[in-house]
Amino acid sequence: MVLSSRSGWALLALASVVLTLAQASTIRDVIAYRAGDGPQPTDISKLTAEIITNDGYPVEEHQVTTADGYILTMFRIPGGPGNPAREGKNVAFVQHGLLCSSADWVILGPGKALAYMLVDAGYDVWLGNARGNTNSRRHIFHDPDARNTDFWDFSWHEIGFFDLPAMIDYALQYTGQTSLQYAGHSQGTTSFFIMTSLRPEYNQRIRSMHALAPVAFMSNLRSPFVRAFAPFVDSIDWLMRMLGVNEFLPSSDMMTLGGQMLCRDEARFQEVCANVLFLIGGFNSEQLNRTMLPTILSHTPAGASVNQLVHYAQGYNSGRFRQFDFGLTLNLIRYGSIRPPDYPLERVTAPVALHYGDNDWLAAVVDVRQLHNSIPNSIGLFRVSDPNFNHLDFTWAIDADTLLYNRVISFMNRYN
């Protein structure tokens with residue numbers, strides 16, 4: 001696929017129009033409700049905990065503070081209707097991708113969503129939330145909404161170095177376990193490889209890791225969104241202004257309600273909503289439940305730092321899996337070299353299963369193979385049998401349970 005700069009920006013413009021329309025179509029209702037002049041709009045996004053409770057599963061909410069002061073929220077599902085909570089269960093920790101949240105693992109519902117399938121298989125399930133998303137938008141000092149705040153001064157490097165270790169340590173200490181099963185999607189895999197390469201002691205706390213659409217090397221990705229802005233990534237200050245200073249696509253009531261209006265069944269814009277998702281991760285119309293679009297868009301995007309996107313674009317440009325590039329001067333100060341160091345993947349010794357899709361526009365097969373060859377204890381490469389399986393299908397596909405999740409759980413059981 002050849003993508004010109006002009007066509008790339010046209011696709012970005014299309015996405016912007018859809019999001020703008022989503023907000024504009026409902027802004028009056030939201031403003032009226034907040035001013036006390038109208039009823040509460042229906043179907044506003046539910047918190048992960050509410051979804052789990054409504055689905056008939058017990059849920060606990062836990063907070064942990066990272067070494068650099070971010071306050072993260074995790075949701076624990078200790079049991080289910082057919083598998084009650086008890087001490088001593090094997091622990092499964094599940095981590096979301098970029099611009100997403102813990103809600104990804106439950107919105108498909110009982111019997112279909114990975115979190116519920118793990119609970120039904122006997123696991124004590126913990127759902128993580130990275131700094132900056134809807135559930136982890138707090139810090140002991142910094143205000144995410146303040147002008148010139150330092151809250152957003154992070155990329156996925158800090159998520160891997162600080163967030164994952166803090167959440168994993170908490171879950172293990174709380175349950176009395178010494179190791180756990182890990183599953184992550186997209187950025188949830190990137191951050192894992194950072195943790196286990198820079199803090200290798202965490203390899204011993206992982207029984208097996210399941211990388212769903214693994215992202216480390218990115219030079220062969222096909223997503224027009226990343227390819228459109230990647231050539232400009234060296235102008236970081238300009239890029240931040242273009243994308244909205246420090247925070248990218250925060251969650252909002254207007255986005256939620258816009259998704260309800262524009263993307264629901266029989267709405268004229270429903271196919272536009274679907275195609276925006278396809279342009280990000282790859283086309284697979286048969287696996288997208290369009291009725292779920294309002295629910296998906298009520299939780300995604302969940303907010304992120306601009307630097308998270310910048311860091312991915314840097315990886316696409318360089319063809320390397322390495323730390324954030326601050327520019328020549330700051331690189332010399334921070335790293336002692338003009339270029340950022342590569343992540344030492346040879347130190348990732350936990351057993352890792354790489355699950356990939358042929359039609360994934362963000363985790364290209366050739367890049368996944370390079371990752372496979374770079375880690376010393378890969379369980380193997382595991383292709384999803386649907387040839388059209390794309391990047392977002394790993395969390396939202398109609399048949400994700402039979403195409404992917406059953407295999408993941410089977411592998412986990414072997415490593416307990």
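Visitor: Where is Lys89 found?

Guide: Look in the loop between E2 and strand E3 (91–95). Keep in mind that this is a predicted model.

Visitor: Is Lys89 buried or exposed, and what is the nearest side chain of opposite charge?

Guide: To call something a salt bridge, you want a side-chain nitrogen of Lys or Arg within 4 Å of a carboxyl oxygen of Asp or Glu. Here, Lys89 is buried but has no salt bridge. Asp124 is the nearest side chain of opposite charge, and it's 7.1 Å away.

Visitor: Which backbone oxygen lies 3.0 Å from a polar atom of the Lys89 side chain?

Guide: That's the one of Pro78. The backbone oxygen of Pro84 is there too, 3.2 Å from a polar atom of that side chain. Leaving out residues up to four places away in sequence, Lys89 touches several others, including Gly122, Tyr123 and Gln177.

Visitor: Now the strands. In which sense do E1 and E2 pair?

Guide: Antiparallel: strand E1 (residues 60–65) and strand E2 (residues 70–77) pair over six bridges. For one of the partners, start at Gln63 and cross to Thr73 in E2. The two strands make a hairpin with four residues between them, and Gly69 in the turn has a positive phi of about 95°.

Visitor: And how do I read a helix? Which residues of H14 are buried?

Guide: An α-helix has 3.6 residues a turn, so residues three or four places apart point the same way. In H14 (residues 365–374), the buried ones are Asp367, Val368 and Leu371. They line one face of the helix, because they fall within an arc of 100° when you look down the axis of H14.

Visitor: What covers them?

Guide: Among the elements covering the buried residues of H14 are helix H6 (187–198), strand E10 (352–356) and strand E11 (378–383).

Definitions and conventions:
Residues numbered from 1 in each chain as written. Predicted model: local features only at pLDDT ≥ 70, side-chain atom pairs only at ≥ 80, totals over all residues. Heavy atoms only, no water. Pairing = 2+ DSSP bridges. Buried < 20%, exposed > 50% of the residue type's maximum accessible area, 1.4 Å probe, protein only. Arc of directions from axis to C-beta. Contact = heavy atoms within 4.5 Å. Lys, Arg positive; Asp, Glu negative; His and termini not counted. Polar contact = N/O pair within 3.5 Å; in protein donor to acceptor, adjacent residues only side chain to side chain.
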